[in-house]
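Hi everyone, thanks for making time for this. I'd like to walk you through some side-chain contacts and a helix pair, so please have the viewer open.

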Amino acid sequence: MKIAVVYGSLTGNTERLARGVFDRISPEYEKALFDIKDKPDLKDYDVIAFGFWVDRSFPYKAMKDLISETRDKDVFLMGTMGYYPDSDHGQACIKNSVSLVDKSCNLMGYFICNGKVDTKLLERMAQIKPKSMGEEIFKKHMLDEKNLIRYKKLGEHVNETDIEFCSARFNERIAIKAAIDSL
């Protein structure tokens, strides 16, 4: 079985998760780790784990496109986000991410955890002059004192527990696939 782990990272969190998962894949499998910026050729891989950061409730654009274009593969999704994965918003992010996987693929599973919010984004947001009431509300929400506390604490992720949990889930699904493929 050939396994590819492809990631895109803005703050380093998603890369940390992807590298941690990659390092814990059994050496019995052929494996490769790719940064999406390198435009990897994935046609020869059986399993692809996509590591992404969440942007507007979806994987960010480049990863969103790659996931959507992938055909006839076993796919595992792993994302990081600057909010609670078990919130309604987190659940919407999971649903949106899963919806990108083509029907020709087998979704092996997914994992999403907290991650840093890019401080440059928050700084740019602070400088924005809202053009509408919706933009004003969004800016106030993002820069609300309570959210800034959340961003700071949630930014302590990706941590070893996140990596262990994601790796355990992914490796379990790999073992199941291997056992089924051997029938």
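Let's begin with R71 and D102, whose side chains form a salt bridge, at 3.5 Å from N to O. R71 sits in the loop between α2 (61-69) and β5 (74-81), while D102 sits in the loop between α3 (88-99) and β6 (106-114), so this pair ties together parts that are 31 residues apart in sequence. Keep in mind as you look around that this is a predicted model.

Are these two partners buried, partly exposed or exposed? R71 has a relative accessibility of 41%, so it counts as partly exposed. D102 comes out at 23%, and it also counts as partly exposed, because buried would mean under 20%.

Now, how many salt bridges are there by this rule? The count comes to 12. Another of them joins the side chains of E156 and K153, with 3.0 Å from N to O.

Next, please turn to R16 and E160. Their side chains meet in a salt bridge too, at 3.1 Å from N to O. R16 belongs to helix α1 and E160 to helix α7, so the pair ties together parts that are 144 residues apart in sequence. As for exposure, R16 has 38% relative accessibility and is therefore partly exposed. E160 is partly exposed as well, with a relative accessible area of 41%. And this pair has company: R16, R24, E160 and E164 are linked in a network of salt bridges.

That brings us to the two helices themselves. How do the axes of α1 and α7 cross? The axes of α1, residues 13-23, and α7 come within 9 Å and cross at roughly 50°. That makes α1 oblique to α7, because an angle of this kind falls outside the parallel, antiparallel and perpendicular ranges. If you like to check handedness by eye, α1 passes α7 in a right-handed crossing.

Let's stay with α7, which covers residues 160-181, and look for I180, which is placed in this helix. I180 is exposed, with a relative accessible area of 52%; the label applies because exposed means over 50%. Which residues join I180 in a nonpolar surface patch? They are I176 and L183, and the patch made by I176, I180 and L183 is about 360 Å².

So, for your own tour of α7, you have E160 with its salt bridge to R16, and I180 with its place in the nonpolar patch. Thanks for listening, and I'm happy to go back to any of these views.

Technical notes. Residues are numbered from 1 along each chain as its sequence is written. This is a predicted model: local features need pLDDT of at least 70, side-chain atom pairs count only at pLDDT 80 or more; totals for chains, interfaces and linings use all residues. Side-chain values use heavy atoms; hydrogens and water are left out. Patches are made of residues with over 30% relative accessible area and no salt bridge: like charges are joined within 9 Å, nonpolar side chains (Val, Leu, Ile, Met, Phe, Trp, Tyr) within 5 Å. Accessible areas come from the Shrake-Rupley method with a 1.4 Å probe; for residues, only the protein chains shown count as cover. A salt bridge is a side-chain nitrogen of Lys or Arg within 4 Å of a carboxyl oxygen of Asp or Glu. Helices (H or I, at least four residues) and strands (E, at least two) are DSSP runs, numbered from the N terminus. Buried means under 20% relative accessible area, exposed over 50%, partly exposed in between (1.4 Å probe, protein chains only). Axes are lines fitted to C-alpha atoms, for helices over the stretch in contact, and angles run from 0 to 180 degrees between N-to-C directions. Angles under 35 degrees count as roughly parallel, over 145 as roughly antiparallel, 65 to 115 as roughly perpendicular and the rest as oblique. A crossing is left-handed if the near helix is turned anticlockwise from the far one by less than a right angle, and right-handed if clockwise.
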